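Please look through the sequence and the coordinates shown below before reading on. The paragraphs that follow move from a single helix to whole chains and then to the places where chains meet.

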Amino acid sequence: MESVNELVTILPAIIIGFAGLLVMMLDAYIENVRLVFRTTTLFTLGALGIAINDMFGHSGEAFYGLITYGGTAAFGAVLVLIGTLVTVILSRDYLEKTGSHIAEVYSMILFGTFGMLILVSANNLVTLFLGIETMSICLYVLAGLVKNEKKGVEAALKYFLLGAFSTGFLLYGMALLYGASGSTFLTDIATLDDKGMIYWAGVALLLVGFFFKISAVPFHMWTPDVYQGAPTTITAYMATASKSAAFVAFIFVLSRALPEARAEWGDVIWLFSILTMVIGNVLALVQDNVKRMLAYSSIAHAGYILIGLAAGTDAAYSAVLFYLFAYTLMNLGAFGIVAYYEWHKGLDFTEVKNYAGLGFKQPVMGVLMSIFLFSMVGIPPFAGFIGKYRVFAAAVDEGLISLVVVGVLASAASVYYYLRVLINLYMHESDPGITLIRPGVLYSATLIILAALTIYFGVKPGDLTNLLGSFKGISY
Amino acid sequence: MELDWYLSLSAVLFTIGVIGVLTRKNAIVVFMCAELMLNSVNLTLVSFSAQHGDVHGQILVFFSLCVAAAEAAVGLAIIIAIFRNHLTVDISQINLLRW
Amino acid sequence: MDTYVHLVPWIVIIPLVGFLFNGLFGLFSESFQTRKTLIGSIATLAVFIPFLIAAYLFILMQGDSESVSVSLFTWIEVGDFSTDIGYRLDQLSLLMVLVVTGVGALIHFYSIGYMADDEGFWKFFSFLNLFIFTMLNLVLADNMLLLFLGWEGVGLCSYLLIGFWYTDMAKSDAAKKAFLYNRVGDFAFLIALFMIFQVIGSLRFEDILNGTNLFTGEQVFIIGLLILIGATGKSAQIPLFVWLPDAMAGPTPVSALIHAATMVTSGIYVISRLSPLFMLSAELMLFVAVIGAFTAVIAATIALTKYDIKAVLAYSTVSQLGFMFLALGTGAYVAAMFHLVTHAFFKACLFLGSGSVIHAMHHVENKLHNEGKKVHFDPQDMRFMGGLKNYLPHTYKTFMIATIAIAGIPPLAGFFSKDEILVMTFNAGMGAYGEVYIGLWALALVTAFMTAFYMFRLTLGTFHGTFRLPGKIKEAKDAEKYLHESPFTMTSVLWVLAGLSIVGGFIGIPNFVVSTFTGTADVNLISNWLDHVTLNADLIIGKEVEWLLLFGSVVIALLGVFTAFRMYDYNQLEASDAGISEKLGAIYQVWSDKYKLDEIYEGGIVHPTIRFSDRVLAVFDIRFIDGFVNAVASIVRFIGGVMRYFQTGLVQTYAYGIVLGVIVIVAMLLFR
């Protein structure tokens with residue numbers, strides 16, 4: 001009966017999974033969207049609380065080593081659940097205002113989150129595969145949420161076809177690694193002495209699978225289309241929660257299953273990190289649509305994070321975790337405000353020029369957007385700066401100077417496209433025909449809290465970095 | 001060694017799947033090619049499982065079958081939605097989102 | 001003491017809360033902006049409560065208590081470098097906190113009446129609170145970096161408040177001028193910070209003061225000089241003092257708080273804080289003393305010629321700060337801090353009194369306008385005043401008390417502190433570079449005479465005689481009926497400050513005054529209080545000499561007062577000035593032109609710099625730098641513009657991208 005006691009180690013996942021089922025039932029029998037929304041929020045909040053508590057608890061393996069809990073896994077769960085909670089809260093107003101508020105959204109989000117929670121605790125290829133796929137299938141549905149919106153459905157189709165395509169590579173990689181090592185446990189794969197062709201092919205294809213999920217160049221091409229086409233709050237969810245989950249799982253795979261091959265995958269990640277940073281930033285420069293720009297920006301951020309993975313030390317991994325945290329906060333915030341502006345003119349109101357002069361119409365929203373964008377640029381005193389700084393510092397310690405130089409130059413270039421949004425918000429004449437509704441209390445409070453956290457962890461990162469550093473040897 | 005034949009077959013099937021995805025225009029066919037890729041991997045898994053005398057590989061196959069089924073359900077729904085909006089399932093004509 | 005150390009952060013936090021409260025509510029709620037009593041009370045309390053905390057700590061602390069540090073959190077951590085947001089409480093910082101919060105709270109209270117009709121009321125008070133917050137950071141910081149943050153912060157607040165009426169171009173120019181002159185000093189200060197860090201490896205005062213033996217003589221001189229340059233900027237000394245008179249463009253309470261009582265003294269505070277470092281170099285000390293003495297005399301001569309009552313007070317402030325620097329340069333840190341405290345009392349009183357006068361004159365102008373008369377006059381010009389003592393009795397009495405105090409007439413506050421400085425300067429004449437110090441002492445004595453003279457000229461010209469406005473401007477006939485005393489909120493503050501100007505000196509009665517009669521004495525409270533935290537020069541001269549000097553300075557001050565009464569008592573302001581001008585000729589013109597310093601800076605530095613920037617740097621910037629940057633930017637944009645078309649929107653293109661990536665990775669790993 002060992003396993004029953006171990007259920008507590010995946011309590012957040014159980015809560016979220018149960019909530020998903022409950023919400024689906026509520027929708028079927030009561031048809032009260034508000035009730036569904038409240039249930040979802042409360043359950044997510046509860047799971048988040050438990051996950052935060054787990055970060056400070058002990059860590060280890062459970063279910064015969066299929067999953068790990070505590071430490072990094074718990075932090076991954078926190079990232080995912082923050083993303084989920086904010087997405088849920090922002091989605092209500094956004095979907096109501098754009099006229100597509102349906103209860104299925106919440107159960108799909110919850111099931112997706114369930115997959116992510118499994119993914120961040122996976123210690124076995126089977127759980128890893130299941131987590132990734134549960135997450136992805138829900139995201140395909142969410143991308144095409146608005147069934148009669150041409151772009152949304154197109155985004156869903158692209159995401160789905162390419163996702164299925166990349167799943168093939170991922171699964172093939174897993175199969176080959178299994179073949180080479182005879183085990184599906186990550187730690188068993190690490191003990192393999194004889195590394196033949198099959199092993200290396202397996203590593204290569206596994207990397208492909210992860211590169212697709214984190215949208216590294218040239219596996220990124222789905223990202224801008226899907227981020228632009230999907231409903232904005234869902235984009236926020238994809239950009240933050242699913243990316244964080246994929247990165248945490250990526251760290252686990254690299255550090256637990258492939259520590260011996262670090263030199264080899266280090267080179268690969270080095271190359272793709274540079275590609276991702278350069279191409280992500282260059283293409284972001286020429287975008288006129290804010291959502292698309294943010295999509296390329298998230299690609300660029302993935303490039304910076306890859307620097308940390310290329311360094312491959314515990315310090316670098318903990319820096320990556322901090323970066324993911326900062327990234328989650330500022331992206332949720334920025335997409336939240338993009339979504340807010342869309343309330344007024346419908347789904348197409350996302351061109352940069354649409355934003356002319358809006359900063360003065362609702363000053364609070366303008367200021368918040370500035371905070372999030374400055375944090376993305378990596379300017380102190382915002383969390384984005386600390387994240388970038390720590391990742392770069394860890395890479396310098398490992399002698400990856402060239403990567404850091406490219407990273408710094410790329411972030412310097414990124415100032416252009418982030419500030420372009422601000423210039424439009426503040427320095428252009430606004431269209432007198434546009435009047436902005438005041439956002440609801442919950443909506444603005446959520447964004448203000450995100451901004452406050454962005455500043456707080458930019459000024460005083462010490463506690464969090466110490467906590468992340470205490471997750472000894474990223475393996476639990 | 002016998003294993004090589006199974007692996008080669010599966011690799012060939014996988015490659016056919018990849019080529020199919022790259023070249024076919026009909027969304028349903030493209031999707032079927034992706035499914036072919038998954039199934040070829042299943043063959044690899046089963047053969048490794050037999051060689052190692054270990055059931056984990058076969059367990060993974062079961063899960064991958066489930067996932068494929070779920071994907072098929074979602075995928076076909078999306079393709080129907082595409083057809084309703086664009087009146088075609090030719091993926092070479094679906095490019096509203098670009099550049 | 002240690003058990004109460006947790007109170008220290010609240011001293012700093014409460015003004016910040018006041019700033020945020022008034023600032024945020026004012027920004028977002030228009031109805032809040034009109035609730036002036038609430039805004040003013042909150043802002044005043046946000047300074048008064050820290051004062052109470054400081055007073056409580058003051059009661060608990062002894063003269064020989066060890067300093068305590070309290071660290072809130074680690075602020076910056078880079079490699080070996082780590083800096084905390086940490087506060088250091090010792091006798092010196094606590095004294096500064098008491099002055100800043102005490103005088104600050106009074107001036108906040110006064111401003112409620114003074115600013116009552118201003119639209120930017122909430123903004124004014126939130127800026128004032130922000131100023132107090134940054135100033136407290138400056139004086140309480142336990143490391144140079146946090147001190148620098150406060151140093152820059154008070155500079156920012158000063159800028160915001162000088163230019164508070166920013167729609168007036170001249171005022172906003174004055175704000176810019178103050179900011180830029182300060183920058184020059186700040187730059188030097190920052191370099192000093194780097195050099196200290198290079199030697200000590202830390203910026204904590206504790207490490208610096210314990211590690212003074214690590215500095216070579218040369219380093220001490222250079223670092224000290226750089227800090228001195230920083231201090232001359234903030235504390236308005238030669239050569240950077242020209243911004244302070246212009247800073248009077250701000251509302252008068254601002255002049256009283258920032259440009260007389262607190263911010264301008266931060267240079268003195270910093271040098272006192274680092275006294276063990278400065279004491280290592282006799283040349284450096286001499287330099288400080290020379291700067292101080294010359295600033296004192298130059299500013300005093302300019303003050304003789306001014307008619308704008310705030311300008312006179314501004315130059316008087318510069319001059320008194322010069323006295324403090326002179327004290328620093330003689331190793332009399334206690335005397336400098338003592339004068340800082342008493343000066344805060346009487347100069348705040350004088351400025352607020354002048355505020356009351358300006359308030360009244362403004363009222364007259366407005367009333368005349370209401371009558372339909374187009375009368376325009378400068379409400380700060382004393383040529384239009386005179387005889388105000390009958391109309392503003394409270395203002396007159398308090399102004400007079402403060403004037404007597406600053407003139408150095410016993411037993412008011414200014415007498416003791418100024419005498420102490422003169423004594424210590426003479427005392428320094430017995431040590432290294434003795435002749436120079438004796439010369440500086442003579443200069444200081446002359447300045448003391450001039451101080452008494454111009455301050456009484458100001459007071460008599462403003463309050464005695466008859467009201468001159470109706471005589472100057474025909475339309476303003478009977479205008480005196482509109483003169484009225486300021487409200488109680490303002491006069492009460494004047495009385496408190498006047499009271500302090502009377503008794504403030506008793507904290508520093510020189511020991512010899514009593515010991516001559518009783519044998520030994522220990523009555524110099526401020527010396528006992530600060531002796532522990534500053535490294536002071538020893539007193540060499542005997543009691544007899546001290547008595548001689550004391551009488552000398554009393555005589556000098558009385559002489560100044562007497563002369564002023566002879567010349568200015570009854571409406572003779574302009575006639576007497578013309579007389580002086582005739583006698584002194586060109587020299588008077590130089591004084592009145594402020595030594596042409598503004599023009600010299602303008603012609604010697606500003607214009608050449610602008611020309612150079614315009615003709616050389618701008619061209620280089622536009623042609624080369626911008627050209628290069630723009631070229632890179634357009635190349636990148638071009639590449640991006642081409643590459644975006646790879647993103648065709650077709651699923652299969654994307655799949656090709658993936659396959660390409662697969663091939664690269666597989667090649668890298670399989671065929672190494």
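Why do the end C-alpha atoms of helix α7 (residues 169-200) of chain C lie as far apart as they do? In this predicted model, the helix holds 32 residues, and because a rise of 1.5 Å a residue should give a span of 46 Å, the 46 Å between its end C-alpha atoms agrees with expectation. Just after α7(C) comes Gly201(C), whose phi is positive, at about 80°. Further along chain C, the domain assignment gives domain 1 (281-590) and domain 2 (599-670), and the C-alpha centres of these two domains of chain C are 60 Å apart.

Chain A can be approached through its overall dimensions. Its secondary structure comes to 20 helices and two strands, and its C-alpha atoms fill a box of roughly 70 × 55 × 40 Å along the principal axes. For 476 residues, a compact globule would have a radius of gyration near 23 Å, and chain A, with 21 Å, therefore agrees with that rule. Of these 476 residues, 67% count as buried, and among the contacts in chain A with a separation of 6 or more, 79% join residues 24 or more positions apart.

The buried nonpolar residues can be followed next. In soluble globular proteins, nonpolar side chains tend to be buried together. Here the largest nonpolar core has 241 residues, of which Leu161(A), Ala249(A), Ile307(A), Val320(A) and Ala395(A) touch the most other members. Helix α14 (residues 314-345) of chain A provides the largest share of this core, 21 residues. Leu161(A) also shows how chains come together, since, leaving aside neighbours within four places in sequence, Leu161(A) is in contact with Ala27(B), Val30(B), Phe31(B) and Ala34(B), as well as with Val651(C). Apart from the largest core lies another one, of 212 residues, including Val97(C), Tyr181(C), Ala336(C) and Ile421(C).

The contacts made by chain B complete the picture. Where chain B meets chain A, each of the two chains contributes 35 residues, and on the side of chain B the helices α1 (2-23), α2 (27-52) and α3 (56-86) each supply at least two of them. The most comes from α3(B), with 17 residues, and by class this side of chain B has 24 nonpolar, nine polar and two charged residues. The contact between chain B and chain C takes ten residues from chain B and eleven from chain C, and here the side of chain B has seven nonpolar, two polar and one charged residues.

Key: Residues numbered from 1 in each chain as written. Chains lettered and ligands numbered in written order. Helix = DSSP H or I, 4+ residues; strand = E, 2+ residues; numbered from the N terminus. Expected span 1.5 Å × (residues − 1). Contact = placed C-beta atoms within 7 Å. Nonpolar A, V, L, I, M, F, W, Y, C, P; charged D, E, K, R; others polar. Domains from an automatic or database assignment. Rg over C-alpha atoms; globule rule 2.2 N^0.38 Å. Buried ≥ 20, exposed ≤ 12 C-beta atoms within 10 Å, placed from the backbone. Core = buried A, V, L, I, M, F, W, Y, C linked by C-beta atoms within 7 Å.
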